[in-house]
Amino acid sequence: MTDPTPRLEIKNLRRSYGGRQVVDDVSLQIMPGQVTCLLGPSGCGKSTTLRMIAGVEMQDSGTIHVDGKLICDTVFRVPPERREIGLMFQDFALFPHLSVADNVGFGLKTGTKAEKRNRIEDLLKRVDLLRYIDGYPHQLSGGEQQRVALARALAPQPRIMLMDEPFSGLDNRLRDGIRDETLSILKEEDTAVLLVTHEPDEAMRMADEIALMRDGKIVQQGAPYNVYTRPVDRASVAFFSDANVLEATVNGALADTVFGQFLAPGVPDGTPVNIVFRPQHLRIDFDRAGKGPRPTATDGAPARAVVERARFMGNESLVEFVLEQDGSRLRATVPNVFLPQPGAVMWLTVRRDRCFVFPVTR
Ligand SMILES: Nc1ncnc2c1ncn2[C@@H]1O[C@H](COP(=O)(O)OP(=O)(O)OP(=O)(O)O)[C@@H](O)[C@H]1O
Ligand SMILES: [Mg+2]
């Protein structure tokens with residue numbers, strides 16, 4: 001069987017501004033009905049990538065294909081309005097002087113008046129705003145306007161939807177509901193979606209696949225679970241959560257730490273490494289009159305630490321420790337309420353299978 005053709009395929013896209021490579025060899029494939037999140041910190045080149053796909057920005061090199069057909073390389077270029085790409089950006093501004101129906105119908109170029117009206121009604125029903133069909137944007141709340149903008153973007157049945165932080169203007173309570181609704185409508189329409197965000201939570205919630213971007217490059221790509229549990233470097237761990245970092249030097253393919261030895265296969269002797277783990281994988285034990293828990297295969301050696309601060313965060317507590325042995329600071333999260341006094345002595349262990357060993361690069 002041959003592989004199905006991706007709805008959107010970009011290959012080796014590059015763009016520089018003033019000698020700085022802002023998008024650096026970015027390649028992606030998105031299948032119909034698939035949501036891919038381009039996730040990365042501010043300034044890493046996400047919007048520039050999206051603008052090149054939309055056709056409002058020209059790449060220096062690289063190609064864009066839709067359903068296997070070339071739509072843009074450095075000589076040939078289908079104009080933006082003929083790309084069958086829907087756009088939804090943070091500043092999605094509706095046309096204030098047009099009714100809700102006319103806003104939604106704005107991009108409908110073909111069909112009779114009745115057909116257009118049907119499509120508009122159908123979309124407004126799906127975003128649950130049919131009752132406002134003859135209203136005007138200023139009569140709607142921010143969340144309702146967002147849904148009209150979604151209906152407007154979907155009306156011409158785009159093959160691809162590009163969304164650039166489309167939910168960031170909404171308050172938290174509205175956002176989750178609108179994200180979920182949007183997602184189910186896009187799936188129903190079998191649209192390929194590229195969603196840009198700098199929020200890991202949003203990407204985890206929305207994406208079938210996450211492409212983690214940094215300094216113009218995609219550093220890692222895969223299902224949310226894989227990207228979260230098999231990060232490629234320290235920065236990738238830290239992008240999703242707080243990260244604890246231990247420093248060590250490799251000797252005989254092993255890195256020695258207060259929590260015992262960690263395997264560092266293939267890393268040459270003398271290389272500095274970071275052992276990185278998330279706060280939920282630090283385990284806390286009581287002092288038991290100076291005797292810590294026994295070392296185990298899964299948790300390694302225990303180390304004594306002093307509580308520096310403990311805070312209640314709602315569904316978990318965050319406890320900050322200073323290790324007795326070397327003064328390094330570590331953070332633990334504990335479900336529910338756990339608020340030990342500052343100065344209390346405790347024993348810590350780490351889930352060894354949740355630790356990542358990375359050679360220090362700079
Ligand atoms: N037209 C332009 N001229 C010069 N520099 C630009 C231009 N557009 C973008 N840049 C620069 O390219 C870099 C990437 O910009 P881009 O908007 O793609 O980032 P982003 O990942 O979308 O960030 P954010 O999350 O803040 O929106 C930034 O440093 C930006 O200043
Ligand atoms: Mg941006």
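How many of the nine residues of H1 are buried? Seven of the nine are buried, so helix H1 is largely enclosed by the rest of the structure. The model in which this helix sits is a predicted one. This text begins with the whole protein, returns to H1, and then moves to other parts of the chain.

The protein has 362 residues, and 47% of them are buried. Its secondary structure consists of eight helices and 20 strands. Taken along the principal axes, the C-alpha trace spans about 80 × 45 × 45 Å. The accessible surface amounts to about 18,000 Å², and carbon and sulfur atoms account for 50% of that surface. Of the contacts between residues at least 6 apart in sequence, 64% join residues at least 24 apart. The protein carries 45 positive and 47 negative charges, and the mean positions of these two sets are 0 Å apart.

Back to helix H1, which covers residues 46-54. Its buried residues are Lys46, Thr48, Thr49, Leu50, Met52, Ile53 and Ala54. Thr49 can serve as an example of a residue inside this helix. Thr49 has a relative accessibility of 0%, and since the limit for a buried residue is under 20%, Thr49 counts as buried. What does Thr49 touch, leaving aside residues up to four places away in sequence? The residues in question are Ile10, Val23, Val26, Leu38 and Met213. After the helix comes Gly55, which has a positive phi near 95 degrees.

Positive phi values also occur at two residues in strands. Asn12 is not a glycine, yet its phi is positive, at about 50 degrees. This residue belongs to strand E1, which runs over residues 8-17. With a relative accessible area of 38%, Asn12 is partly exposed. Asp25 is likewise not a glycine and has a positive phi of about 65 degrees. Asp25 is part of strand E2, made up of residues 20-30. Its relative accessible area is 35%, so Asp25 is also partly exposed.

The next topic is the aromatic rings. A pair of aromatic rings is described by the distance of the centres and the angle of the planes. The structure contains five aromatic pairs. One of them joins Phe239 and Phe240, with 6.2 Å from centre to centre and 90 degrees between the planes, an edge-to-face arrangement. Phe239 is partly exposed, at 22% relative accessibility, whereas Phe240 is buried, with a relative accessible area of 12%. The limit between these two classes is 20%, so Phe239 and Phe240 are classed apart. Another pair is that of Phe356 and Phe358, whose ring centres are 6.1 Å apart; the planes meet at 20 degrees, so this pair is stacked. Phe356 and Phe358 are both buried. Ring pairs also connect Phe239 and Phe240 with Tyr228, and these residues form a cluster.

Some rings have a charged side chain over the face. Arg152 lies over the face of Phe95, and the distance to the ring centre is 5.0 Å. Lys109 takes a place over the face of Phe106, at 5.3 Å from the ring centre.

Two loop residues complete the tour. Thr110 is found in the loop that connects helix H2 (100-105) with helix H3 (113-126). Is Thr110 buried or exposed? Thr110 has a relative accessible area of 65%, so it is exposed. Between Thr110 and Ile71 there are 22 Å from C-alpha to C-alpha, and the two are 39 residues apart in sequence.

Pro265 is in the loop between strand E13 (260-263) and strand E14 (272-277). This proline is exposed too, at 68% relative accessibility. Where does Pro265 stand with respect to Val357? In sequence Pro265 and Val357 are 92 residues apart, and in space their C-alpha atoms are 9.5 Å apart. Val357 falls between Phe356 and Phe358 in the numbering, and those two residues form the stacked ring pair described above.

Conventions: Residues are numbered from 1 along each chain as its sequence is written. Chains are lettered from A and ligands numbered from 1 in the order in which they are written. This is a predicted model: local features need pLDDT of at least 70, side-chain atom pairs count only at pLDDT 80 or more; totals for chains, interfaces and linings use all residues. Side-chain values use heavy atoms; hydrogens and water are left out. Helices (H or I, at least four residues) and strands (E, at least two) are DSSP runs, numbered from the N terminus. Buried means under 20% relative accessible area, exposed over 50%, partly exposed in between (1.4 Å probe, protein chains only). Contact means heavy atoms within 4.5 Å. Accessible areas come from the Shrake-Rupley method with a 1.4 Å probe; for residues, only the protein chains shown count as cover. Lys and Arg count as positive and Asp and Glu as negative; His and the chain ends are not counted. The place of a charge is taken as NZ of Lys, CZ of Arg, CG of Asp or CD of Glu. Rings of Phe, Tyr and Trp (its six-membered ring) pair if their centres lie within 6.5 Å; planes under 30 degrees apart count as stacked, over 60 as edge-to-face and the rest as tilted. A charge sits over a ring if NZ of Lys or CZ of Arg is within 6 Å of the ring centre and within 35 degrees of the ring normal.
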